[in-house]
Amino acid sequence: MPAAVACSVKCRPHHRLSAPQPPAALDLLPRAPASAAGELRATRCRTPPSLSFARASDQGEARSPPSARRARAAVAGFEEVGAASSAAAAALLAGAQSRHAIFREELVRKAYYAAEAAHRGQMRASGDPYLQHCVETAALLAELGAGPPVIAAGLLHDTVDDAGLDYGSISEQFGAGVADLVKGVSNLSHLSKLARRNDTASRTDEADRLRTVFLAMEDARAVLIKLADRLHNMRTLDSLPKIKQQCFAKETLEIFAPLANQLGILNWKEQLENLCFKHLYPEQYEELSSNLHEFYNRDMIAAAIRRLEQALQVRGLSYRSISGRHKSIYSIYSKMTRKKLDMDEIYDVHGVRVILENKADCFTTLEVVHHLWPRIPGKFKDYVSSPKSNGYQSLHTVVLSEETLPLEIQIRTADMHLQAEFGIAAHWRSPFASWTWFFPKGNMHFPF
């Protein structure tokens, strides 16, 4: 890990009333001295307007910043505001609607117009309108299958901190459920900033404790919105100065990527880890990417898939899909570093994933695999009978291919696959799953 770097929060121009009182859980973390807080405020992109440290709802409408008044006006008559909005804003909404039908829902469109008014004129360091970040955050949640209230909260997630909207106005127009989610994300953002100020990511015990606090203090959906917010920020991190890139990448690698893993969202976990690796260790990232491109044998994977397809058809086993995969670049780097291995000594760089219809077929398919290729002793893991703590289920076995390269075969059902990809968000895609699986486990579905 690179040397600890001190940095401020995200650089984005906005009106700021004040940070709300940090939740009680923040007391678990050491507080920065007053001088550090002063330095933090001094590093913002522009000097905030002279306002007292109180919420807008406590000061009255006259003291609300223009963005907040515009947002409330947009909420009150969102159809008219939408019709009169800029061509760019209209195009952004149309693009989101073409990608995800849920952006056509009335509650979501209402939230979009409120966010557009609240963030109007605000730009990101990349030069993109700030509204685009809100839309991309919401789009990531839509990919998980979230419903209108969560999508609306995703669009509005920065309006309290960055545009001066208050809990009361959001609750009045969108309902207490959406307002609670926005407030929860705001609380998590303030906790994250405090941790960044104290360099919590450099201390393993405190990073672990912070993730526990994240999960304990808020609705799990608010944590998912915060993760979506962080994932899009990591995707667009190149526009920030190098020192901020490293600061955010360090915090993300030690706090947010493991948090995604705890929630079982392995797709997001791998994306976050790879992006962090790119910014923290750019030379190693480029070297390993190049080596992986040369080492990964696509012909071997294609041949293994064809052979397995034929064998399953002979046995009369139906399957959803058989696909090739390679281990994520950060996972390869971690294993090479931790175990002092070369890439060709890692057994699961090459992989084939089989998605089946039912659980019983998983073990029958395992027999077929071991009949086709010799197994490598000690490399079988049964996460079906004994799932991981985050709900992950799959059979893993490593065999020796015709090319004498280790080949990992992952065998799972469609439900198990969706559990692996989307974790705690599984219930959004299934009428039978529920939030209770996370405490402890449950099932997950995915739209094929």
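This report looks at strand β2 and the sheet around it.

The model is predicted, so local features need pLDDT of at least 70 and side-chain atom pairs count only at pLDDT 80 or more, while totals for chains, interfaces and linings use all residues. Residues are numbered from 1 along each chain as its sequence is written, and side-chain values use heavy atoms, with hydrogens and water left out.

Helices (H or I, at least four residues) and strands (E, at least two) are DSSP runs, numbered from the N terminus. Two strands pair if DSSP finds at least two bridges between them. The sheet here is open, with five strands in the order β1-β2-β5-β4-β3 and mixed pairing. β1 and β3 (381-382) sit at the edges with a single partner strand each, so one side of each has no neighbour in the sheet.

| Pair | Sense | Bridges | Facing residues |
|---|---|---|---|
| β1 (residues 319-326) and β2 | antiparallel | seven bridges | glycine 324 and valine 352 |
| β2 and β5 (residues 406-413) | parallel | six bridges | isoleucine 355 and arginine 412 |
| β4 (residues 395-400) and β5 | antiparallel | six bridges | histidine 396 and glutamine 410 |

Helix α17 (residues 298-315) packs on the sheet and touches β1, β2 and β5 (contact means heavy atoms within 4.5 Å). Its direction makes about 160° with that of β1 (axes are lines fitted to C-alpha atoms, for helices over the stretch in contact, with angles from 0 to 180 degrees between N-to-C directions). Helix α20 (residues 414-422) also touches β1, β2 and β5, at about 110° to the direction of β5.

Now for β2 itself. Seven of the seven residues of β2 (residues 350-356) are buried, so the strand is largely enclosed by the rest of the structure (buried means under 20% relative accessible area, with a 1.4 Å probe and protein chains only). One side carries His350, Val352, Val354 and Leu356, the other Gly351, Arg353 and Ile355, and both faces are covered.

Technical notes: Buried < 20%, exposed > 50% of the residue type's maximum accessible area, 1.4 Å probe, protein only.
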